[in-house]
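Here are my notes on the chain, as numbered points. Please read them with the coordinates open.

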Amino acid sequence: MAAALALTTPWVSRRIGNGRVIVVTLGGLIAALLLMAVSRSWLSAGASYMLFQAATAISISAIAVYRMEKVAAHWWGWAAGLAVAVRGIGESAVFFVGGILIEVVGFAGFFRATAVVLAIGLIFFLAYFRPLARVNVTSNRKNQ
């Protein structure tokens with residue numbers, strides 16, 4: 001499911017813009033984490049995890065394209081390298097702190113805390129980039 005949805009990213013991005021795709025997928029990640037926090041059966045937990053994976057798959061490519069739109073072409077290599085490094089550091093921090101947090105508050109608390117961190121990130125993204133203000137979508141049609 002995640003792979004199939006990830007293949008729709010270029011089509012959806014063309015329609016609503018990469019910034020809006022990022023907002024929607026971050027919202028999906030938050031929703032999936034909150035659903036995992038309240039799941040009481042393997043079926044609902046599995047569905048929540050599938051939503052999480054699908055939102056992650058879509059957001060990765062949208063974020064990469066959005067980053068390239070915001071950075072001058074001669075900085076793309078540095079921006080990509082820095083993004084990979086920061087993502088690796090972030091994942092390592094989540095694994096380390098997450099393991100400790102799970103011992104203290106359990107999985108549900110960990111999922112809720114992660115959703116809160118993502119929500120804070122979404123608020124900063126919305127405040128700084130204002131992706132909902134307008135859509136800059138380039139058309140393949142020539143000016144008519």
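1. Of the contacts in the chain with a separation of 6 or more, 71% are between residues 24 or more positions apart. The model is a predicted one, and side-chain atom pairs count only at pLDDT 80 or more.

2. On secondary structure, the chain has 5 helices and 0 strands. Read from the N terminus, the order of elements is α-α-α-α-α. Along the principal axes, the C-alpha atoms fill a box of roughly 60 × 30 × 25 Å.

3. On burial, the chain has 144 residues, and 24% of them are buried. Its accessible surface is about 9900 Å², with 71% of that belonging to carbon and sulfur atoms.

4. How do α4 and α5 pack? Two packed helices are described by the angle between their axes and the distance between the axes. Here helix α4 covers residues 42-70, and its axis comes within 6 Å of that of α5, with a crossing angle of roughly 145°. The crossing of α4 and α5 is right-handed.

5. Which residues make up the contact between α4 and α5? From α4 come Ile60, Tyr66, Arg67, Met68 and Lys70. Their partners in α5 are Trp76, Ala79, Ala80, Ala83, Arg87, Phe125 and Phe129. The list for α5 thus includes aromatic side chains, among them Trp76 and Phe125.

6. Arg87 also takes part in a salt bridge: its side chain meets that of Glu91 at 3.0 Å, N to O. A search of the whole structure finds 1 salt bridge. Both residues lie in helix α5, 4 residues apart, which is about one turn of the helix. Arg87 is partly exposed at 42% relative accessibility, and Glu91 is partly exposed as well, at 36%.

7. Is Val84 buried or exposed? Val84, which sits in helix α5, has a relative accessibility of 61% and therefore counts as exposed, the cut-off being over 50%. Its C-alpha lies 10 Å from that of Ala64, a residue 20 positions away in sequence.

8. A nonpolar patch on the surface is formed by Phe96, Val97, Ile100, Val104 and Val105, which together have about 500 Å² of accessible area. Ile100 belongs to helix α5, residues 76-129. With a relative accessible area of 44%, Ile100 is partly exposed. That value passes the requirement for patch members, which is over 30% relative accessible area.

9. Val21 is a buried nonpolar residue to set beside that patch. It is found in helix α3, residues 18-38, and its relative accessible area is 4%, so it counts as buried under the 20% cut-off. Leaving aside residues up to four places away in sequence, Val21 touches Val12, Ser13, Ile16, Ile58 and Ala62. The C-alpha atoms of Val21 and Ile63 are separated by 8.7 Å, although the two residues are 42 apart along the chain.

10. A backbone point concerns Arg130, in the segment after α5. Phi of Arg130 is near 50°, a positive value in a residue other than glycine. Arg130 is exposed, with a relative accessible area of 58%.

Methods. Residues are numbered from 1 along each chain as its sequence is written. This is a predicted model: local features need pLDDT of at least 70, side-chain atom pairs count only at pLDDT 80 or more; totals for chains, interfaces and linings use all residues. Side-chain values use heavy atoms; hydrogens and water are left out. Patches are made of residues with over 30% relative accessible area and no salt bridge: like charges are joined within 9 Å, nonpolar side chains (Val, Leu, Ile, Met, Phe, Trp, Tyr) within 5 Å. Accessible areas come from the Shrake-Rupley method with a 1.4 Å probe; for residues, only the protein chains shown count as cover. A salt bridge is a side-chain nitrogen of Lys or Arg within 4 Å of a carboxyl oxygen of Asp or Glu. Helices (H or I, at least four residues) and strands (E, at least two) are DSSP runs, numbered from the N terminus. Buried means under 20% relative accessible area, exposed over 50%, partly exposed in between (1.4 Å probe, protein chains only). Axes are lines fitted to C-alpha atoms, for helices over the stretch in contact, and angles run from 0 to 180 degrees between N-to-C directions. A crossing is left-handed if the near helix is turned anticlockwise from the far one by less than a right angle, and right-handed if clockwise. Contact means heavy atoms within 4.5 Å.
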